[in-house]
Every structure is written in C-alpha cells, then in structure tokens.
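This report describes a structural model, beginning with the fold of one chain and ending with the confidence of the prediction. Please consult the sequence and the structure below while reading.

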Amino acid sequence: MINLDNPKKMRPLVAQAHQVAMNMLRPISRKYDRAEHAYPKELDMLASMIDGLDESGTSSGAGATGVRRDEKPETAGGGTRNGSNLASVMSVAEMCWGDVGLLLSMPRQGLGNSAIASVADDEQLKRFEGVWASMAITEPGVGSDSANISTTAQLDGDHYVINGEKIYVTSGERSDAVVVWATLDKSLGRAAIKSFVVPKGTPGMRVDRLEHKLGIRASDTATIIFDSCRVPAENLLGSPEIDTMQGFAGAMATFDNTRPLVAAMAVGCARAALDYTRDLLDQAGVVIDYDQPPINQSAAAARFVQLESDWEGSYLLMLQAAWMADNRQPNSLEASMAKAKAGRVGSDVTLSCVELAGSLGYSETELLEKWARDSKILDIFEGTQQIQQLIVARRVLGLSSSQLK
Amino acid sequence: MTLVKMLQPGGRDGISSRESRDAIGYAVAALNRVAQSDLVDRLGLRGRAEALVHRSTRDGFAAVAKVTRVSRSFTRSGDRGATGTRVPSTSVDGVFDLTPTEDQQMLVDVVTEFAAQVVRPAATAADDACATPEAVLKGSLEIGLPILGIPESLGGICEERSAVTGVLVAEALAHGDMGIAVGLLAAGSVATAIGLWGTDEQQQTYLPAFTGDDVPSAALALSEPAVLFDVLRPQTTAVRRGDQLVLNGLKSLVPVGTSAELFVVGAVLESQPVLVLVESSTPGLTVADDPSMGVRGSSLARLTLTEVTVPVSAVLGATDGSTYRVCVRLSRLAWCALAVGVGQAVLDYVTPYVKERKAFGEPIAYRQSVAFMVANIAIELQAMRLLTYKAAARAAAGKDFTRELALARRACGDHGMRIGLDGVQLLGGHGFVKGHPVERWYRDLRAVGLADGAVLV
C-alpha cells in the first residue's frame, strides 16, 4: 500500500542520529571548518558509540556498511521491506544535518566501507570488519571518466603490484586502509578495472599531501602515491576474472549503493539550512501559508516553499532509491536520479538560504555560509551532476555510452 | 463609458491602462474601426466569415451566455439532520511503500488501457471542439469513474478513503489527455465530495443518480476570474435569508459547464468559505462557455449566479471553512495527479522522437543538450510523482496533508510547466504545430499551478 511517510521502524534510529548530530557535531562544526586538517578527536568516542549501536542492533544496520544487499530477507507489511538501505540514507542525512565534513571523517564509516560492503565476498567482509576504509578512484588526469584510470595492478605471484597516483581520497590520511581502483590491463578497457584493499603501512603506499578546500574542511582529502606497492591477491574485491561481457558493472555496482548515500548527505545539509532559515524568517515576521499559492505570499515565503518543495522531492527520490535496494529491485536509474536532484537542490537551497538571510547568512557568525560551501562537493563527488544526467539519459533513452557520449 | 475612456486604448485587447495614443495612434485606431464596420462588408469588400469573427470578438462573451439545459429534478430523500455515510481512512502500518494495492493496480491497468485506446485518439478533436465526445464519456461510465469515491454502502465502490486511488486514476487518465480527463472526472469529483461531506439527505438525494444508468453531468466550481485570486476568500457570496441562502457571484474554470446538472459552488457565508450544492435548473444561474488556453476537452465555462436561492440545507459540509479548505487541497491534489500523467505523456512522446529525429547525420538524442533535457524531465517527473503520492497517502490515511500538498503543487506547477515547455522545445518547429500533441500538453500544463476546483480525489 502506497505510503511515503518516514518508515515508523526508523524513527528511533533517526531520533538518535538527530540527537548526536545536534549535540556532538554542531558544537564542533565551526571549529573544524576553521582548523582544516586537524583531527576531530571528538569523533573517536562517537565512532565507538556507533559501533556499539551497530552491535546492539538498534541502528538497523545504518551507516556506510548498511548498503550490503545479501542480508537475510526480513519482511514487514505485506512483503515490503524497510531495511538497512533506508536506515543508512536516513541516518546519514541526519548526521549531515549536523555536519557533512564530520560525517565524512567518521571512523569506519568511509565510502571505502560502502565499497567493501557492496562487492566483497563473505570472507573479505569478515577480514575487513572494523577497518576504516577510504576510497581512491580519481587521478590527476582522470575524473568523471573513471573507466580510463591509469593506475595499474600487475599480478606477481600471490601479490598484485600497484603503481599510480590517486587524488581526492576522502579520509585518505586518517583511514586504516584505502580501496583503490586499478586496471589489470589497460588495453582491455573497463572490464579490467578492479578494486583492491590496501592497508595503511603497506610499503610503497604513501600519503603525499592534503588539499585545502572550499568546504567539508573537517574531512581530510589526500593525494596517495602507489609506488610498486605489493598487495596480497586476496585483497582484490570481487572476482579477479576480466569479464568483458560484464564490463564495468562489478566496480560500478558500488556507485548504485553510494549514490543514494551522497544524495542523503546533500539532503541533510540542505535541511540544516532550511530549518534554520525557517526560524530566521519566522523571527522576521515572514508567514508561510501552505494553502496560499506563491503569487499571494511574500517573495521570501514563496521562495522558501519552492526550496522546500525541491528539497522534499530530492528526499523522496533518495528514499525511493534506498527502498528499491532494500526490496532487491535494480535501482541504478533511481540512484542517479536521486543524486542528480539532491546534488543540485543542495546547492540551490543552501545558496538561497544565504541570500534570504542577507549578510547575516554570509557571515561566519552563522553556519549558513558554511553549508553553502559544504554542499558544493555533493554535486561533484561520486559522479557529478552531469554524469548523473548522462546515466539517467542513457537509461531513459536506451542508448549506449558510444551513442550518447 | 465616458468619451475619454473610449478614446484611451488601455483596459481591452490586452493593453495596459498606462498606454496612450498619439496622433498617428488615433488615426490607426479610427481606420481600424472603419475596417471593422459592417458597411465594408455590405459593400462586398470582405468575406462574410471574416466579419463574423470580428463581430463575435467585439461582442465578447455576452452573446454566447445561456441558461443551462433544464436539469432533471433530484427527488429529495433521506434525513436532513443526519450525518451521511462515511468511509474510514486507510489503515497505516508505518511501512514506506511505493506499491499500489492489487485493486488499485487492476483499476489503473483498466484506466491506462482506456486512456491509450479511447482517450488519446479523441484528444485532438476534443481540444478543437472544446468538448469530450459522447462515446468517450460513455466508456468512462462503464469503467465506473463517477463511483470511485462513493461509499460501497451507497452503491459506489470505495470501502475506505480513495485519495490514492483517485490520484492513480487521474494520472493514468491524463496520460491520454488532460482536457478529457478533467471532463470525465468532473462528475465523480462532485460525487466524491458528496460522499465525503454530504448529509444523509444530500447523499440520498443525489448519489443514486450517480450510481444509476443515467449519470448526471456535474461540476465543482471554486475558481473566479480575478487577479491574485485567493480561493479561500471567494468574492461569491451566500447570504442567509430565513431558511434560504441567496448566492451571487461569478465562477470560472468550471468543467462541463453547459451540460452540468449539479454544481458544487464555493462561496463566502458569514465570513467563512463554504461549499453549496446548486442544481442547474435553479433560477438566476447562467453558464457561458469560456474556452481557455488548454484543458479544452473539458468544456470549460463561467457560471454566473444572480440572486440564486437554495435552501440552507444545500450547504455541503461544515460552515466554519474546514470542509472548504480540505476540498481545495483535495482538488489541488487531483491537479497534481493530472500533471504527473501529462508529464509522463510528454516523456513517453519525446523519447522515441529524439532517437528518430536526425540532425548533423545522427539522432539528436546523441547530443547531451538534448539528452539532458530528457533526463531532467524524467528526474523532475518522478519527484512530482512521489510528492503527489505522499500527499495522497496522507490524505487517505486521514492525516494532515497541508504541507505535503503545497510542496507537491509547487513542484507540479513549476516543474510540470517546465516539462511542457521542454517537450515543445525538443520537437522544435514540429512541437509548435498541431500535428504533434506536445503543444496541447504545453497549454494543458499551464493550468496546474493555478487551477482550483473542477476535479477532486
């Protein structure tokens, strides 16, 4: 039966995440925006708390690892499942309502963890349990066309030897391990791209430098050099076979799972701006009457309702993508729709809220300007707006990547 | 009209009152008057048809205003003081779910087929004629459109609140054509309103006609032709005179106007907006065709009420404005559903078109500027759909849906119009001509952000 209200089952989880975001992340939000590259030590305690929640089962498998799809089916309400994917996006959104940069710095909640959860086999899953994994895909010369990466992995006995340079590795310095994309044979194209878990301290891998950024400054963004770095063969995630029929699908499957999470980040960040701006507008005497059309409201109220409408649209697309994953429906199209909409709405909402609040919004005395900086990356990483549109267009139009380039 | 006013150009022909004429302007205007005069035609200087066009334009709506056809007399029945039958809200299990029930899916499948086989082929002619063909109307009665919102115990088919079902049906029907959809849903909207808020007497008096063989035409009239119109404060008034109500006012965007036998009219009674049941045979009521930009298949009309007198018991629902407000929201919800259906029609139409149409030696779909427009149509359409379903599900569950509906309407108004605009753009010149339906969808989608009344779920 059609119902799009927040799942009842997730209420305790979301309430919990909200309290954590409000009482733990917000008070240190500005501190780590200013102190870029300083390690947010407060997060260690929080991470332990989240692990505890995971083990107690109250978190419904939320967080970065909640995207794994082969759990035992657990049905409710006539076969429809509200499971760990919904739990993940809802809790991530809530934490990003607190602070996106800090969420990205959360130990053991990295995008690498989502990648492991998505494509690792059971043995690997067990072996890498509790490891904080970051994700290394982008290279200095390769961004959106990730099938074109030049980092190589060559089999040498029971090890792979990795060579190359990776940039924009979120939590690259702080994580325990890096999930790196490398090609087994560049001439074989995308099918030869595999991901490898490389633990920190492995000889041949080093963090070269950290970036200074527009936003999410609490999160470290590293450049990592692989120089004849030897990794055990069993650290290759998924199958080592180069299956040109399956192509890129294996590695790309990660994105179907992480894109709703990035949508959730944008949704959470934008809601922070909306919530606070609503408060400021209330104090300024701006009345928002949902029964009135925009032409009969003040410009500020009309603008706010438009922002809220676009926000809710992206929120529901995010829930849809996660719900489909929970119910084992292919959601590649919907995941990209959610990320495309949430990414652009995140920017529109946070920038518009700064505008609505004037120089108050622009000043560092409030967090509105920070959210307007933080939100920008969410329309870029894990596939830019344009890449999402490309994916949606190819799916809707039934065109291949050689037809619609 | 004073002479000065007559000489000023503003206030008609879409000219602002800030405009003024200079000497050349007066000369041109005078020349135009001569060109329009009957004398020219008597001299045989112009074809008769052309003159007719001019006359009818000059004379405006007054000439076509007419009294509606004499309606049937609805036989009073039932208990005036008693509350009518009410269906329960849908039960909520708190699970996020996008799956329709089996019954809903079956109904949607039937309506989808009807929309494709019967409605879409009739759309162009209905748009031209400003009327839905009789055969299409008959077909919709066979599906049971008018009784979707009538409680089972009163001869309808709904066992619980039907807002979600209504939304799914309206969406599927509008995929065929929005104008015809509005025309076909008009009677059911009135029946649904009576099912939701009618007293025992109102339900016993009117609903048997809707569940019978000769279903009356009926319309929900909330809009008025005024700038910045606030539907919650209509200019139409209802004044109590003993146990009678006297109605005065002008309503617009009234579907199936000239054939309707029963209207639900929005009016202010003792400073609160209320709904009033008015039979079309009531003296003082006139209806005039009001062809508009789009939604033309629904035979839009204006309804003039001059000292229209009905019994006080004709008020539908509460007199404190609460029923009226919910009615406005449920009507807007139906318009959202129509927008989703038409938006899907646009997407389904442009998709094969851009793949077949070639420019510069390859399908235009191979170009990102084209393909991304299609992608954005798909993305925003799905967001519109989810927002609409959320509001509908809350309405059906008896929860407050004011905010959710406002957000859905904003999305369907803004992004729906964008979809109509891009639909035409993607077809280029072909989109601008009537050989393709996208120009009609463009006109239809303009209604969504501004329409109140006509349909309801």
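In chain B, buried residues make up 51% of the 457 residues; a residue counts as buried if 20 or more other C-beta atoms lie within 10 Å of its own, as exposed if 12 or fewer do, and as partly exposed in between, with C-beta atoms placed from the backbone. The model is predicted: local features need pLDDT of at least 70, side-chain atom pairs count only at pLDDT 80 or more, and totals for chains, interfaces and linings use all residues. Residues are numbered from 1 along each chain as its sequence is written, while chains are lettered from A and ligands numbered from 1 in the order in which they are written.

Chain B contains 14 helices and 10 strands, which are DSSP runs numbered from the N terminus (helices H or I, at least four residues; strands E, at least two). Its radius of gyration is 24 Å, close to the 23 Å that the globule rule gives for 457 residues, so chain B is as compact as a globular protein of that length. This radius is taken over C-alpha atoms, and the rule is 2.2 Å times the number of residues to the power 0.38.

Helix α9 (residues 200–211) of chain B has 12 residues. Among its buried residues are B:Tyr206, B:Leu207 and B:Phe210. The elements covering the buried residues of α9(B) include α8 (178–197) and β4 (262–269) of chain B.

Between the chains, 43 residues of chain B are in contact with 40 residues of chain A, contact meaning that the C-beta atoms, placed from the backbone, lie within 7 Å. On the side of chain B that touches chain A, α11(B) gives the most, with 15 residues.

Two serines of chain A have a positive phi although they are not glycines, as the table shows.

| Residue | Phi | Location | Other C-beta atoms within 10 Å |
|---|---|---|---|
| A:Ser171 | about 60° | loop between β3 (159–170) and β4 (177–183) of chain A | 24, buried |
| A:Ser228 | about 50° | strand β7 (residues 221–232) of chain A | 12, exposed |

Most residues other than glycine have a negative phi.

Chain A averages a pLDDT of 91, and 92% of the residues score at least 70; pLDDT is the predictor's confidence in each residue, from 0 to 100. Over residues 73–77 of chain A the pLDDT is below 50. Where pLDDT is low, the predicted coordinates should not be read in detail.

Terms used:
The expected span of a helix is 1.5 Å times one less than its number of residues. Two residues are in contact if their C-beta atoms, placed from the backbone, lie within 7 Å.
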